[in-house]
Amino acid sequence: MNRAFNKETATQILEDGDADLVSFGVPFIANPDLVERFKTDSALNIPDQETFYTPGEKGYTDYPFLNK
């Protein structure tokens with residue numbers, strides 16, 4: 001299931017038993033360490049949607065990690 005989830009809405013739908021699995025599209029693209037950010041309640045990178053589905057690395061592999 002993918003409905004523009006954030007940490008809170010994903011947790012709630014799973015706890016309510018309304019889904020067995022959720023996915024994160026844009027948040028994962030912009031946050032290659034999304035799981036760690038959720039675990040530590042860290043701020044998320046802001047996605048640069050202008051770079052989505054374009055040639056090259058920009059927008060896919062250049063987002064900063066928490067500890068870098």
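# Chat about a three-helix model

Q: Quick one to start: what pattern does the protein follow along the sequence?
A: Reading along the sequence, you get α-α-α. Keep in mind that this is a predicted model.

Q: And how many helices and strands are there in the protein?
A: Three helices and zero strands.

Q: What box do the C-alpha atoms fill?
A: Roughly 40 × 25 × 15 Å, taken along the principal axes.

Q: How much of the protein is buried?
A: Buried residues make up 24% of the 68 residues.

Q: What about the accessible surface, and how much of that belongs to carbon and sulfur atoms?
A: The accessible surface comes to about 5,100 Å². Carbon and sulfur atoms account for 55% of that.

Q: What share of the contacts comes from residues 24 or more positions apart?
A: That share is 25%, counting contacts with a separation of 6 or more.

Q: Switching to charges. How many salt bridges does the structure hold?
A: Three. One of them joins D41 and K7, with the closest N and O atoms 2.4 Å apart.

Q: Where do D41 and K7 sit, and what does the pair tie together?
A: K7 is in helix α1 (residues 7-15) and D41 is in the segment after α3, so the pair ties together parts that are 34 residues apart in sequence.

Q: Is that D41 buried or exposed?
A: Exposed, at 59% relative accessible area. K7 counts as partly exposed because its relative accessibility is 24%, which is between the 20% and 50% cut-offs.

Q: Which residue does D33 form a salt bridge with?
A: R37, and the closest N and O atoms there are 2.6 Å apart.

Q: Are D33 and R37 buried or exposed?
A: D33 is buried, and R37 is buried too.

Q: What about D62, which side chain does it meet in a salt bridge?
A: K58, at 3.7 Å from N to O. D62 counts as partly exposed, with 40% relative accessibility.

Q: How many positive and negative charges does the protein have, and how far apart are their mean positions?
A: There are 6 positive and 12 negative charges, and their mean positions are 5 Å apart.

Q: Now backbone angles. What is the phi of D41?
A: It's positive, about 50°, although D41 is not a glycine.

Q: Why point that out for a residue other than glycine?
A: Because most residues other than glycine have a negative phi.

Q: OK, and what is phi for Y53?
A: Near 60°, so to speak another positive value in a residue other than glycine. Y53 lies in the segment after α3, and D41 is found in that segment as well.

Q: Is Y53 buried or exposed?
A: Exposed, with 74% relative accessibility.

Q: Last topic, N45. Where does it lie?
A: In the segment after α3, with α3 covering 34-39.

Q: Why does N45 count as buried?
A: Because its relative accessible area is 16%, and buried means under 20%.

Q: What does the side chain of N45 reach?
A: The backbone oxygen of P64, at 2.9 Å.

Q: And which residues does N45 touch, leaving out those up to four places away in sequence?
A: A30, N31, R37, Y63 and P64. So P64 appears in that list of contacts and also supplies the backbone oxygen that the N45 side chain reaches. R37 is in the list too, and R37 is the partner of D33 in a salt bridge.

Technical notes: Residues numbered from 1 in each chain as written. Predicted model: local features only at pLDDT ≥ 70, side-chain atom pairs only at ≥ 80, totals over all residues. Heavy atoms only, no water. Helix = DSSP H or I, 4+ residues; strand = E, 2+ residues; numbered from the N terminus. Buried < 20%, exposed > 50% of the residue type's maximum accessible area, 1.4 Å probe, protein only. Polar contact = N/O pair within 3.5 Å; in protein donor to acceptor, adjacent residues only side chain to side chain. Contact = heavy atoms within 4.5 Å. Salt bridge = Lys/Arg side-chain N within 4 Å of Asp/Glu carboxyl O. Areas by Shrake-Rupley, 256 points an atom, 1.4 Å probe, with all protein chains shown as cover. Lys, Arg positive; Asp, Glu negative; His and termini not counted. Charge placed at Lys NZ, Arg CZ, Asp CG, Glu CD.
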